[in-house]
Every structure is written in C-alpha cells, then in structure tokens.
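Biologist: I would love a close look at one part of this model, with its surroundings filled in as you go. Could you take me through it step by step?

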Amino acid sequence: MDAIERMAKAALAALPADGAILLDSSPVSLHLAALLPADRELIVVTNSFDVATLLSTRPKLELRLVGGHLRPGSSAVVGPWSRLALRNSFVDIAFFGADGVTPAEGASSADEEVATFNRVAVAASRRVVVLADHTAVGRAYPATFATLADVDTLVTEADADPDLLREITAAGPQLVMA
C-alpha cells in the first residue's frame with residue numbers, strides 16, 4: 001500500500017454517518033472515493049471528473065459534480081462556474097489533497113486555479129481535512145487555500161518532520177498519522 005492509499009484509508013475515520021462531503025480533484029481524493037463504504041448514504045460534492053465517474057454507479061450516494069472548465073490534462077473542474085456552485089451551499093466535511101503545508105502559510109497547491117476553487121470550498125465547509133504526504137509537510141506554494149485555523153484535521157505520514165508537525169498541530173489541526 002502506498003502513501004496515498006494509506007492516507008485515504010486513515011481519512012475514512014473522519015467520514016460522517018450521513019450528510020454532505022466534498023472530495024477535491026487530488027489523487028488522494030480519488031483513492032478516498034474508492035474506499036467510501038457502499039452502505040453509507042452521503043451527498044458527495046466534487047470538482048473531479050474522475051471522482052464523479054468512479055462514484056457514478058453507487059446507488060446510495062447522491063453525486064453532485066460541480067460544473068465549470070475542465071482543466072486540460074487533469075480531471076479538475078475549475079473556474080467561476082465551479083466556485084459559484086459552492087457559494088450558496090455547504091458540506092459537512094471537505095477533503096483536500098495539499099501540495100504543501102507549513103505553519104506560516106497553511107495548506108497550498110501548486111496550481112492557482114485549484115487553490116482558488118479550494119478556498120471557496122473551505123469557506124463552504126463545516127469541517128476541513130487536509131491530506132498531505134511527508135514531502136508536502138514543510139513545503140509552501142504561492143497558491144494557498146487554507147490557513148491552519150481553517151484546518152480541523154491533517155492526515156500525513158510518519159516520515160513527516162516531527163518538529164514541523166508540532167508547530168502545525170499547535171496552530172489547531174488534529175493530526176492523524178497514516
């Protein structure tokens with residue numbers, strides 16, 4: 001089992017019994033989608049064409065694919081239409097893959113369009129779970145999408161720098177090790 005699969009499996013503990021969740025367009029969200037329990041009745045909101053395709057055959061899930069511009073070479077749906085869809089709604093918990101997480105900058109993405117969508121999704125979420133492998137902890141990109149005050153849970157690996165993890169959790173997020 002690789003790091004992405006371990007983190008997705010660890011994030012399952014944060015799933016609500018029912019309600020609405022958001023899965024972003026990251027690879028770890030695709031893995032999490034594959035692991036969603038078949039008997040759970042959830043509303044799943046996503047801006048990922050791949051996540052939507054994977055979950056489209058699950059009869060107990062209500063799937064809401066956010067519209068917008070499909071990024072070339074990606075399954076991410078981004079742009080003004082995607083953000084508008086989230087402005088008048090909410091989800092109980094949102095799951096985001098992050099390219100970087102630092103104490104100062106919070107969670108960030110290597111892609112500005114993805115980060116812009118994620119910022120709106122964070123604002124529409126009651127709880128936020130960020131999944132970042134050990135290489136992302138301590139790395140920052142200019143496209144930030146959540147401060148650590150916005151993040152309820154950080155899921156990462158045991159190989160992450162323990163000093164950075166102490167700083168991050170001191171800012172508020174609960175730490176889950178995959």
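How many bridges join E1 to E2, and in which sense do the two run?

Modeller: Happy to. Please keep in mind that this is a predicted model. E1 and E2 run parallel, and five bridges join them. Within this pairing, Ala-20 sits opposite Ile-43 of E2. To get from E1 to E2 the chain passes through helix H2 (residues 27-35), and the resulting β-α-β crossover is right-handed.

E2 also pairs with strand E3 (residues 61-65): five bridges join them, and they run parallel. Ile-43 turns up again here, with Glu-62 as its bridge partner in E3. Helix H3 (residues 49-55) carries the chain across from E2 to E3 in a β-α-β crossover that is right-handed. As for the surroundings of E2 (residues 42-46), four of its five residues are buried, so this strand is largely enclosed by the rest of the structure.

From E1 we can move into the nonpolar interior. The largest nonpolar core has 31 residues, and Leu-22, Leu-86, Phe-96, Val-101, Val-130 and Phe-145 have the most contacts inside it. Two or more residues of this core come from each of strand E1 (19-23), E6, helix H5 (112-123), strand E9 (125-131), E10 and H6. H5 supplies the largest share, with five residues. There is also a second, separate core of 22 residues, and Met-7, Leu-42, Val-44 and Val-51 are among its members.

Leu-22 is a good place to look around in the larger set. Beyond its neighbours within four places in sequence, Leu-22 is in contact with Val-45, Leu-86, Val-91, Ile-93, Ala-94, Phe-95, Phe-96, Phe-117 and Ala-121.

Phe-96, one of those contacts, leads to the aromatic side of the story. The count of aromatic pairs comes to one. It is formed by Phe-96 and Phe-145, whose ring centres are 5.5 Å apart and whose planes meet at 45 degrees, so the pair is tilted. Since Phe-96 belongs to strand E6 (residues 91-97) and Phe-145 to strand E10 (residues 143-146), the pair ties together parts that are 49 residues apart in sequence. Both Phe-96 and Phe-145 are buried.

Phe-96 is also touched by Val-128, a residue of strand E9. Val-128 counts as buried, at 2% relative accessibility. Not counting residues up to four places away in sequence, Val-128 touches Ala-94, Phe-96, Val-122, Asp-150, Val-151, Asp-152 and Thr-153. The C-alpha atoms of Val-128 and Asp-92 are 8.7 Å apart in space, while the two residues are 36 apart in sequence.

Thr-153, among the contacts of Val-128, takes us to another parallel pairing. Strand E11 (residues 153-156) and strand E12 (residues 174-177) pair in the parallel sense over four bridges, and Thr-153 has Gln-174 as its bridge partner in E12. Together with helix H6 (residues 162-170), E11 and E12 make a right-handed β-α-β unit. At the start of H6, a side-chain oxygen of Asp-161 comes to within 2.7 Å of the backbone nitrogen of Asp-163. Just after H6, Gly-172 adopts a positive phi of about 135 degrees.

Phe-117, a contact of Leu-22, is touched by Ser-82 as well. Ser-82 is found in helix H4 (residues 80-87) and is buried, with a relative accessible area of 0%. Leaving out residues up to four places away in sequence, Ser-82 touches Val-66, Gly-67, Gly-68, Val-77 and Phe-117.

Let me finish around H5, with two polar details. Thr-116 is found in this helix, and its side chain reaches the backbone oxygen of Glu-112 at 2.9 Å. Thr-116 and Pro-142 are 26 residues apart along the chain, with their C-alpha atoms separated by 11 Å. The other detail involves Arg-71, in the loop between strand E4 (69-70) and strand E5 (77-78). A polar contact of 3.0 Å joins the side chain of Arg-71 to that of Asp-111. Not counting residues up to four places away in sequence, Arg-71 touches Ala-76, Val-78, Asp-111, Glu-113 and Val-114.

How values were computed. Residues numbered from 1 in each chain as written. Predicted model: local features only at pLDDT ≥ 70, side-chain atom pairs only at ≥ 80, totals over all residues. Heavy atoms only, no water. Phe/Tyr/Trp six-rings, centres within 6.5 Å; stacked < 30°, edge-to-face > 60°. Buried < 20%, exposed > 50% of the residue type's maximum accessible area, 1.4 Å probe, protein only. Pairing = 2+ DSSP bridges. Right-handed = clockwise from strand over helix to strand, strands pointing away. Core = buried A, V, L, I, M, F, W, Y, C linked by side-chain atoms within 4.5 Å. Contact = heavy atoms within 4.5 Å. Polar contact = N/O pair within 3.5 Å; in protein donor to acceptor, adjacent residues only side chain to side chain.
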